[in-house]
Amino acid sequence: MKAFAPPAHPFGTRGNHVKHVLEGRVRGYETTLFHLAAVHEGGRHPSDVSMYSVAVLTLPGALPASEVSVASLVRWLSTEPLPPRAGTAVPLLPGRRPRMIACSVDPDFAELILTERVVRMTADAKMGWRLHGDRIIGWIKDHKPYQRIIGLAEVMADVVGEFPAEVWTRDPAEQERH
């Protein structure tokens, strides 16, 4: 978790616990899989613990910080949207189920990658994902068997495969400004 820095969205920063770490490759990407107990400020209690299954893929280059998620995975966490400068998370595919939200520090980049197909793939997998430097971090609710987390990593690889080639050739100085 330390590698992903605050605010560690959606997992919060209050004593998260990573367990059952597995490393390898999925579709050519270096991949880390793990279970996470995320401690966050709660409703009835001063803090609550949410369980997630997480996959992290290392990408060929850094991309602007962005997030896409099934709204129900993040709506009750009482955390700031990720990334901090991205503003309010916006709804995607209005009127469709499940409800989806997204935010990005670079709206032009978000417009390139957040195609209806990418959003639908994310919705169908009932997952959330975010770009953090040269990593894509994906999560699903609860501690799942590793075969299901490998499936999550495969969907994430498919999502990255949908990114247009120009996202990898954009001016790095422009990306750093966001």
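**Questions on a predicted model**

Reader: Where does S53 lie?

Author: S53 lies in strand β3. Note that this model is predicted.

Reader: Why does S53 count as buried?

Author: Its relative accessibility is 0%. Buried means under 20%. S53 therefore counts as buried.

Reader: What does S53 touch?

Author: Leaving out residues up to four places away in sequence, S53 touches F34, H35, G138, W139, I140, D142, H143, K144, I149 and L152.

Reader: What makes the approach of D142 to S53 a polar contact?

Author: The backbone oxygen of D142 lies 2.8 Å from a polar atom of the S53 side chain. The cut-off for a polar contact is 3.5 Å. The backbone nitrogen of K144 also approaches a polar atom of that side chain, at 2.7 Å.

Reader: What is the place of S66, and why does S66 count as buried?

Author: S66 is in strand β3, residues 47-70. Its relative accessibility is 3%. The limit for buried is under 20%, so S66 counts as buried.

Reader: Which side chain is joined to S66 by a polar contact?

Author: That of S104, at 2.7 Å. In addition, a polar atom of the S66 side chain lies 3.1 Å from the backbone oxygen of P64.

Reader: Why does V18 count as partly exposed?

Author: V18 has 35% relative accessibility. Buried stops under 20% and exposed begins over 50%. The value falls in between, so V18 counts as partly exposed. V18 lies in strand β1, residues 17-26.

Reader: How far apart are V18 and F34?

Author: In sequence, 16 residues. In space, C-alpha to C-alpha, 6.6 Å.

Reader: How many aromatic pairs are there?

Author: The count comes to 1 aromatic pair. W129 and F163 form it, with 6.1 Å from centre to centre and 45 degrees between the planes.

Reader: Why is the pair of W129 and F163 called tilted?

Author: The centres must lie within 6.5 Å, and 6.1 Å meets that. Stacked needs planes under 30 degrees apart, and edge-to-face needs over 60. At 45 degrees neither applies, so the pair is tilted.

Reader: What parts of the chain does this pair link?

Author: Distant ones. W129 is in strand β6, and F163 is in the loop between α3 and α4, 34 residues apart. Both W129 and F163 are buried.

Reader: How do you know that the charged end of K141 sits over the ring of Y52?

Author: The charged end of K141 is 5.5 Å from the ring centre of Y52. The distance limit is 6 Å.

Reader: How does the reach of α3 compare with the expected one?

Author: α3 has 17 residues and reaches 24 Å from its first C-alpha to its last. That is close to the 24 Å expected at 1.5 Å a residue.

Reader: Why do the buried residues of α3 line one face of the helix?

Author: The buried residues of α3 are I149, L152, A153, M156, A157, V159 and V160. Seen down the axis, they fall within an arc of 155 degrees, so they line one face. Q147 and G161, on the other side of α3, are exposed.

Reader: How many helices and strands are in the chain?

Author: There are 5 helices and 6 strands. From the N terminus on, they run β-β-β-β-β-α-α-β-α-α-α.

Reader: What share of the residues of the chain counts as buried?

Author: Of 178 residues, 44%.

Notes
Residues are numbered from 1 along each chain as its sequence is written. This is a predicted model: local features need pLDDT of at least 70, side-chain atom pairs count only at pLDDT 80 or more; totals for chains, interfaces and linings use all residues. Side-chain values use heavy atoms; hydrogens and water are left out. Rings of Phe, Tyr and Trp (its six-membered ring) pair if their centres lie within 6.5 Å; planes under 30 degrees apart count as stacked, over 60 as edge-to-face and the rest as tilted. Helices (H or I, at least four residues) and strands (E, at least two) are DSSP runs, numbered from the N terminus. Buried means under 20% relative accessible area, exposed over 50%, partly exposed in between (1.4 Å probe, protein chains only). A charge sits over a ring if NZ of Lys or CZ of Arg is within 6 Å of the ring centre and within 35 degrees of the ring normal. A polar contact is a pair of N or O atoms within 3.5 Å; within protein, one must be able to donate a hydrogen and the other to accept it, and residues adjacent in sequence count only if both atoms are side-chain atoms. The expected span of a helix is 1.5 Å times one less than its number of residues. The arc is that of the directions from the helix axis to the C-beta atoms. Contact means heavy atoms within 4.5 Å.
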